[in-house]
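Have the model open and ready to rotate? Let's take a walk through it, stop by stop.

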Amino acid sequence: MTHSLTPRNEGNLPALSAPPLIRLDAYVAEDGSTVVNGHLLEMGGKRPPNEAILDAIAMFARTLRAPVAATVIDRTVQQVARLRVYPDGSSRTIADEEDLPPGRERTAAEEESFPPLARVERIIEHAQRQELHAAFVLASALREHLTLRRGAEDELSLEARAIEAYLAYQRGDYMLSTVLALTVARIRCRTDLNRAAPEVARATAAWQRLDDEAQVATRGQELLHMWEHLSTGGVLLEPSHQAMAKAVRSRLGRGGRSVPAAPAATPALTTGQEPVAPEDKPLKPTRRGLSRFTRWPGRSAGSS
């Protein structure tokens with residue numbers, strides 16, 4: 001069951017006293033699933049995602065009686081779009097340099113209007129009802145926007161990525177789960193070694209379900225280096241974690257591939273030169289005048 005974004009859902013509206021041009025967010029998954037401010041939209045018929053997004057954001061603008069800013073991550077075209085939407089239903093796209101200036105105060109105001117915790121609770125509700133597709137899309141949207149706004153190493157971004165990895169595992173997408181969990185583990189190994197072991201364990205659990213031998217070898221080598229890094233750092237204390245580390249080395253050995261001893265300093269963990277999240281597909285820069293997000297005055301959900 002999806003959540004329909006409607007004006008009568010007062011809990012999903014920003015306070016009327018909120019600063020002008022609070023930035024809303026929207027997300028289009030690669031399969032066309034569409035999310036606005038943590039709510040999965042019901043796409044009746046063959047309604048294009050861009051039309052659904054503009055209608056939903058225009059609703060906010062009419063409620064606030066003021067223009068609304070929005071950031072749309074559209075994975076169908078690998079692009080992020082910056083929008084201005086007006087109460088009369090019109091909209092225009094702007095370039096990155098025209099967007100709202102970044103800063104902690106604005107980020108705090110946006111997250112106060114649409115708190116990440118409330119979105120996580122909604123994701124959990126979907127997962128508990130075994131609506132795994134909805135839960136996963138919402139988790140992906142949350143992770144993408146937090147990463148864009150705060151960076152991949154931010155605590156909230158990491159937690160969202162860990163949730164996304166768990167849901168990918170529950171859906172049986174073990175490759176994606178491994179990749180997502182490895183990124184969380186990689187960052188923890190570099191920034192907070194005391195909290196890294198559980199994340200490496202989660203990545204190992206997903207990796208153990210992989211069938212592709214090339215991926216088993218590639219991802220397994222990184223896992224092995226992480227376990228050795230934790231051992232060298234003196235934080236590999238749990239017997240279950242020690243057993244998982246041995247299981248990684250054993251599986252790599254059974255595959256007929258050499259398993260070298262971990263180096264004293266693993267470059268991927270120490271140099272800081274590697275991409276933080278290399279699997280994140282880069283988004284094309286925003287440009288003005290994107291036709292699919294441009295409307296003339298009077299076009300809105302009430303008039304179209």
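What follows goes from the sheet to the helices, with a few loops along the way.

A word on the ground rules: this is a predicted model, so local features are taken only at pLDDT of at least 70 and side-chain atom pairs only at pLDDT 80 or more, while totals for chains, interfaces and linings use all residues. Residues are numbered from 1 along each chain as its sequence is written, and side-chain values use heavy atoms, with hydrogens and water left out.

Start with the sheet. It is open, has 6 strands in the order β3-β2-β1-β4-β5-β6, and its pairing is mixed. Strands here are DSSP runs of E with at least two residues, helices are runs of H or I with at least four residues, and both are numbered from the N terminus. Two strands count as paired if DSSP finds at least two bridges between them. The edges are β3 (39-40) and β6 (91-94), each of which pairs on one side only. At the β3 edge, β2 (residues 34-36) and β3 pair in the antiparallel sense over 2 bridges, and Val36 has His39 in β3 as its bridge partner.

Now slide across to β5 (residues 79-85). How many of the residues of β5 are buried? The count is 7 of the 7, so the strand is largely enclosed by the rest of the structure. "Buried" means under 20% relative accessible area, "exposed" means over 50%, and "partly exposed" is in between, using a 1.4 Å probe and protein chains only. Both faces of β5 are covered: Gln79, Ala81, Leu83 and Val85 are buried on one side, and Val80, Arg82 and Arg84 are buried on the other.

The neighbours of β5 come next. On one flank, β4 and β5 pair in the antiparallel sense over 7 bridges, and Ile73 has Val80 in β5 as its bridge partner. These two strands form a hairpin with 4 residues between them, and Gln78 in the turn has a positive phi of about 55°. On the other flank, 4 bridges join β5 to β6, and the two run antiparallel. Val85 stands opposite Ser91 in β6. The hairpin of β5 and β6 has 5 residues between the strands, and there Gly89 takes a positive phi near 95°.

Keep an eye on backbone angles for a moment. Arg65 has a positive phi of about 55° although it is not a glycine. Look for Arg65 in the loop between α1 (49-64) and β4 (68-74); it is exposed, with a relative accessible area of 64%. Gln130 is another residue other than glycine with a positive phi, near 65°. Gln130 belongs to the loop between α3 and α4 and is exposed at a relative accessible area of 60%.

That loop has helices on either side. Before it, α3 (residues 116-128) holds His126. Is His126 buried or exposed? His126 is buried, with a relative accessible area of 0%. His126 and Phe136 are 10 residues apart in sequence and 9.0 Å apart in space, C-alpha to C-alpha.

After the loop comes α4 (residues 132-150), whose 19 residues reach 26 Å from first C-alpha to last, close to the 27 Å expected at 1.5 Å a residue. That expected span is 1.5 Å times one less than the number of residues. In α4, 15 of the 19 residues are buried, so the helix is largely enclosed by the rest of the structure. Just after α4, Gly151 takes a positive phi of about 100°.

The last stop is a helix pair. Helix α7 (residues 196-207) and helix α8 (residues 213-232) pack at an angle of about 160°, with axes 10 Å apart. That makes α7 roughly antiparallel to α8, a label for angles over 145 degrees. Axes are lines fitted to C-alpha atoms, for helices over the stretch in contact, and angles run from 0 to 180 degrees between N-to-C directions. Among the α7 residues that meet α8 are Val200, Thr204 and Trp207, and the α8 residues they face as a group include Arg219, Leu223 and Trp227.

Also in α7 is Glu199, which is buried with a relative accessible area of 11%. Leaving aside its neighbours within four places in sequence, Glu199 is in contact (heavy atoms within 4.5 Å) with Ala181, Val184, Ala185 and Arg188.

Key
Parallel < 35°, antiparallel > 145°, perpendicular 65-115°, else oblique.
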